[in-house]
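Trainee: Could you take me through the reading of a structure, one feature at a time, with the general idea before the case?

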Amino acid sequence: MSDANLDFGRFARRGYPEAIYCEGKSASQVRDIARLWKQRFNAGEGELGCALFTRANAEHARAVLDVLPDALYDETARLLAWPAQPPQPSGGRVVVACAGTSDVPIAREAALTARYLGREVVELVDVGVAGLDRILSRRDVLESADVIVVVAGMEGALASVVAGLVACPVVAVPTSVGYGAAFGGVAALLGMLNACAPGVGVVNIDNGYGAGHLAAQIAATGSRTTRNDIVEEDDHA
């Protein structure tokens with residue numbers, strides 16, 4: 001049996017469940033954690049919320065699915081969720097925008113986290129500042145948000161551009177995408193920390209989960225604006 005001491009009371013205490021960070025854990029450890037979670041769920045001892053297994057590789061995924069065969073596994077985000085059906089959305093809208101397709105894994109992690117924590121999520125992909133018209137053409141989506149997660153590598157300029165266009169908070173996620181002088185995401189991190197536009201908060205490099213969680217908390221209190229639903233051709237269901 002696993003040595004893990006899961007915080008089953010976190011949902012009752014904070015309104016959000018504990019996530020299981022799989023990287024650095026063996027498949028056996030992850031399997032045991034999934035088993036503990038299922039046992040507690042089946043016992044019906046209080047509401048647990050959705051179980052999220054983050055940074056899960058294929059071996060981790062097989063281990064979780066051995067115990068929770070109906071869990072969702074998103075290979076791009078390296079994230080498993082159980083139950084697979086997200087909760088009914090409440091609160092405000094989270095928009096997740098990523099600069100390039102190389103940033104999609106981190107953006108997808110952020111989007112799924114916010115969705116499984118109960119928020120409506122709209123995703124914008126490949127709207128980086130190298131083609132400024134791409135983000136400017138999506139201003140209607142940006143302005144519909146209660147909080148925006150911006151995911152970008154290289155110099156990380158997208159966060160400052162977006163924050164200059166909208167009234168809502170921006171959660172910036174630097175990614176490790178970039179050539180040598182990007183220093184594994186440090187250049188984007190520093191760029192975002194030094195954003196000229198106010199209202200930008202920055203999480204750690206490649207921390208899509210942390211960004212999605214923070215965005216879900218910011219958007220928890222309700223919608224900032226009244227608007228019609230926007231259906232985007234590049235949204236993920």
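Mentor: What follows moves from two sheets and their helices to buried residues and then to charged pairs, and please keep in mind throughout that this is a predicted model.

Trainee: Let us begin with the sheets: which strands form the open sheet of five, and in what order?

Mentor: To read a sheet, one lists the strands in the order of their pairing, and then looks at direction, edges and twist. Here the order is β6-β5-β7-β8-β9, an open sheet whose pairing is parallel. The edges are formed by β6 (120–124) and β9, each of which pairs on one side only, and the twist from one strand to the next averages 20°.

Trainee: Where does a single pair of strands show this at the level of residues?

Mentor: Take β8 and β9, which run parallel and are joined by three bridges; V171 stands opposite G201 in β9. Helix α8 packs on this sheet, where it touches β7, β8 and β9, and its direction makes about 160° with that of β8. Helix α9 (residues 208–218) lies across β5 (93–98), β7 and β8, and it runs at about 175° to β8.

Trainee: How is the other sheet, the one of four strands, ordered, and which strands are at its edges?

Mentor: The same reading applies. This open sheet has the order β1-β2-β4-β3, and its pairing is mixed; β1 (19–21) and β3 are the edge strands, each pairing on one side only, while the twist averages 15° from one strand to the next. Within this sheet, β1 pairs with strand β2 (residues 51–54) in the parallel sense over three bridges, and I20 stands opposite F53 in β2.

Trainee: Which strands of this sheet do α2 and α4 touch?

Mentor: Helix α2 packs on the sheet through contacts with β1, β2 and β4 (79–82), and its direction makes about 170° with that of β2. Helix α4 also packs on the sheet, touching β2, β3 and β4, but its direction makes about 10° with that of β4.

Trainee: Turning to burial, which residues of α8 are buried, and why are they on the same side of the helix?

Mentor: One first picks out the buried residues of a helix, and then asks how they are spread around its axis. In α8 (residues 186–193), the residues A188, L189 and M192 are buried. They lie on the same side of α8 because the arc they cover around the axis is only 105°. The elements covering these buried residues include β7 (147–152), α7 (158–163), β8 (170–174) and β9 (200–202).

Trainee: What should I look for when a charged residue such as D146 is in a loop?

Mentor: One asks how accessible the residue is, and what its polar atoms meet. D146 lies in the loop between α6 (139–143) and β7, and its relative accessible area of 6% makes it buried. A polar atom of the side chain of D146 lies 2.6 Å from the backbone nitrogen of R93.

Trainee: What is the general idea behind a salt bridge, and how many are counted here?

Mentor: Side chains of opposite charge can pair when their charged atoms come close. With a cut-off of 4 Å between a side-chain nitrogen of Lys or Arg and a carboxyl oxygen of Asp or Glu, the count in this model comes to ten salt bridges. One of them joins the side chains of D32 and R35, at 2.8 Å from N to O. These two residues are three apart in helix α2 (residues 27–43), and are therefore separated by about one helical turn. D32 is buried, at a relative accessible area of 12%, whereas R35 is partly exposed, at 30%.

Trainee: Which parts of the chain does the pair of R108 and D74 link?

Mentor: The side chains of R108 and D74 meet in a salt bridge of 3.1 Å, N to O. This pair links distant parts of the chain, 34 residues apart, with R108 in helix α4 (residues 104–116) and D74 in strand β3 (residues 72–74). R108 counts as buried at 10% relative accessibility, and D74 counts as buried at 13%. Both belong to a network of salt bridges that links D74, R108, R115 and E123.

Trainee: Are the side chains of R134 and D126, which meet in a salt bridge, buried or partly exposed?

Mentor: R134 counts as partly exposed at 27% relative accessibility, and D126 likewise counts as partly exposed at 33%; their salt bridge is 3.1 Å, N to O.

Notes
Residues are numbered from 1 along each chain as its sequence is written. This is a predicted model: local features need pLDDT of at least 70, side-chain atom pairs count only at pLDDT 80 or more; totals for chains, interfaces and linings use all residues. Side-chain values use heavy atoms; hydrogens and water are left out. Buried means under 20% relative accessible area, exposed over 50%, partly exposed in between (1.4 Å probe, protein chains only). The arc is that of the directions from the helix axis to the C-beta atoms. Contact means heavy atoms within 4.5 Å. Two strands pair if DSSP finds at least two bridges between them. Axes are lines fitted to C-alpha atoms, for helices over the stretch in contact, and angles run from 0 to 180 degrees between N-to-C directions. A polar contact is a pair of N or O atoms within 3.5 Å; within protein, one must be able to donate a hydrogen and the other to accept it, and residues adjacent in sequence count only if both atoms are side-chain atoms.
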